[in-house]
Structure formats: structure tokens, C-alpha cells
Amino acid sequence: MRVALYRTLYGEDFIQESILSVISRVDRVYVIKSERPWGASEGVYYKGVWHPWPKKFDATRERIAELSDPRITVIDDFWPTTAGQYQHIVNDLLLPRCPDLTEVLFMEHDWVFTKFEADEFIRQWQEANVPWACTSEVELWKTHEWRVPARGGRATPFLHRINGPIGSEVPPYHLLNAVVYNVGFCMNDLAMFLKHLTAMAFAKEINDCAPNPNWYDRWLDWEPSVTNLEPTATLEHKIPIIIPYDGEV
């Protein structure tokens, strides 16, 4: 049994497109829904103003319900850190519901496949016959007309063969040629603002790199002449420029 797995706090912009791009290639889709960010914060100061976390971040839950597909299940769950989260979800949430689970497709709300690339992902996965494989990606920027230059080391959708509970060890993985479209930089202004605020709040708690506090304004007011746009403070040069994109979306 192959299932697609999502974990999300917000994601109303593209959650429907993302699920629809993979649902015909899996048996079920599980969305692990949290109502608060990682860590223990109740909000964050931004430009001297306190921003408490909203009781409801966006309409992700409603967007999923609109699909009216019995193959999709939303599970409410909060895990305070990235450490051990994947193991917790698979072992504690998925396996009790799917004892015959053999493959997990890990997705995020801002990853979307074209039909061709989704088919290629599954075809290459089956031919590779490896325990763990991930895709390549195209990171779009604000619209489908711009993209981030290709860069390595980024998380992308992966397929994982399992046989019962999993541990923390990461099996050797195989990079496939299939491509996913990462639309994380294309979310609406409010969603991107909340993404920026939550990253500022939980970075230290989950041992992640803190974002540049001024990044959101640079994204919001972006023009093609603007350079050094990686959100992480001190690593802005990792996205030196944004380039035109004329490929299929």
C-alpha cells in the first residue's frame, strides 16, 4: 500500500493542486494538520510589534474538504520539533491505520507535479528499486514566469519503502530525474508573512538557521534587479538572482 503524506500548518494556496497531482498514484492521502507552529512560542516580535499566532492560520482544511474525496484523511496532530516527526507520523499515526503500508510518498503543500512528471517519478522509482528516492525540483518565484536558479541540498518529495515501524536512520537515497514544482515562494502575501514570522519564532527551538528579519519586505517588493534573496540570514547569496522561466508549469 502506497500513501501520500503531508504535514502542514498553512497551505491554502496550493494544497488542492498538490494533492490532485499525486492522488491517482497512491492508495490514500493523509494530511497531518497542526494548528500552531513548531516550538512553544505564542507569537513573535516583528519590527517592534508583537504578532500573536492566530487561532486559525488559513483555510487549508476547507480547501481539502472541497475535494470531497474519501481517499483523503486529515489527522489533527502537533509535534513540537522537526526531530523525530517523520518517525512519529509513520509509526504512531499511519501504521495503526494502514497495517499493510509499504510505501510512503512524503509531500508538502507547496510541491506540485505535472501529470508527466508524476508519472515519471513513479516509473523511475519502480525501475530504480531502491529504499529511498527523491525528485529534482524547479523553484518558482512569485509567478510561473520566474524561478530560482537550480541549487542542490533542498528537500523535495521522496518515496520511502518501509516494512513496519521505522527508526531515525536515513536509508541511502537515490536522486531521480523527475521534477516537482516548488511553489513555496509563490504564496499569497499573508501566508508568506506568517511563514516568515513563524520561521523567526521557531528557528532556535528546532536548531534551524534564523531568517533575515528583512526578507519578507524584500520578497514583497521584489523587482528583477534585486539580488541575494535566500531567506536565511548570512546565506542570502545562496539565491544570487532570480531568472526568467519559460518551461511547462
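Is Leu9 buried or exposed? In this predicted model, Leu9 is buried, with a relative accessible area of 13%, and the legends below begin with its surroundings.

**View 1. Leu9 and the residues around it in the loop between β1 and α1.** Leu9 is found in the loop that lies between strand β1 and helix α1, and with a relative accessible area of 13% it counts as buried, because buried means under 20%. Leaving aside residues up to four places away in sequence, Leu9 touches Lys33, Ser34, Glu35, Arg36 and Pro37, as well as Phe57, Asp58 and Thr198. Although Leu9 and Trp38 are 29 residues apart along the chain, their C-alpha atoms are separated by 9.4 Å.

**View 2. Strands β1 and β2, paired in the parallel sense.** The pairing of β1 with β2 extends over 6 bridges, and within it Tyr6 has Val31 of β2 as its bridge partner. Strand β2, which comprises residues 28–33, is mostly covered, since 5 of its 6 residues are buried.

**View 3. Helix α1 and its buried residues.** Ile15, Ser18, Ile19, Ser21 and Val22 are the buried residues of α1. They cover an arc of only 160° around the axis, and therefore lie on the same side of α1. In an α-helix there are 3.6 residues a turn, so residues three or four places apart point the same way.

**View 4. The largest nonpolar core, with 45 residues.** The residues with the most contacts inside this core are Tyr6, Ile19, Val29 and Tyr86. Helix α3, residues 85–94, supplies the largest share of the core, namely 5 residues. A second, separate core has 32 residues, among them Val138, Leu140, Leu197 and Trp219. In soluble globular proteins, nonpolar side chains tend to be buried together. Around Val29, when residues up to four places away in sequence are not counted, the residues touched are Ala4, Tyr6, Ile19, Ile23, Arg71, Ile72 and Thr73.

**View 5. Helix α4, residues 115–128, and the elements it packs against.** With 14 residues at 1.5 Å a residue, helix α4 should span 20 Å, and its end C-alpha atoms are indeed 20 Å apart, which agrees. Its buried residues are Glu117, Ala118, Glu120, Phe121, Ile122, Gln124 and Trp125. These buried residues pack against the strands β1 (2–8), β6 (103–107), β8 (132–141), β10 (158–161) and β11 (174–185), and also against helix α1 (15–22). Asn129 follows α4, and its phi is positive, near 50°.

**View 6. Strand β11 between its partners β7 and β8.** Of the 12 residues of β11, 9 are buried, so this strand is largely enclosed by the rest of the structure. Strand β7, residues 111–112, is joined to β11 by 2 bridges, and these two strands run antiparallel; here Val112 has Tyr181 of β11 as its bridge partner. Strand β8, in turn, is joined to β11 by 7 bridges, and these two strands run parallel, with His174 of β11 as the bridge partner of Ala133.

**View 7. Lys47 and Ser68, two loop residues with a positive phi.** Lys47, in the loop between β3 (43–46) and β4, has a positive phi of about 55° although it is not a glycine. At 57% relative accessibility, Lys47 counts as exposed, because exposed means over 50%. Ser68 lies in the loop between α2 (60–66) and β5 (72–76), and its phi, near 50°, is likewise positive in a residue other than glycine. With a relative accessibility of 63%, Ser68 also counts as exposed. Most residues other than glycine have a negative phi.

**View 8. Val49 in strand β4, residues 49–52.** Val49 has a relative accessible area of 44% and is therefore partly exposed. Its C-alpha atom and that of Thr60, 11 residues apart along the chain, are separated by 26 Å.

**View 9. The cysteines Cys98 and Cys209.** Cys98 is buried, with a relative accessible area of 1%, whereas Cys209 counts as partly exposed at 49% relative accessibility. When a disulfide is taken as a pair of cysteine sulfur atoms within 2.5 Å, the count comes to 0 disulfides.

Conventions. Residues numbered from 1 in each chain as written. Predicted model: local features only at pLDDT ≥ 70, side-chain atom pairs only at ≥ 80, totals over all residues. Heavy atoms only, no water. Buried < 20%, exposed > 50% of the residue type's maximum accessible area, 1.4 Å probe, protein only. Helix = DSSP H or I, 4+ residues; strand = E, 2+ residues; numbered from the N terminus. Expected span 1.5 Å × (residues − 1). Contact = heavy atoms within 4.5 Å. Pairing = 2+ DSSP bridges. Arc of directions from axis to C-beta. Core = buried A, V, L, I, M, F, W, Y, C linked by side-chain atoms within 4.5 Å.
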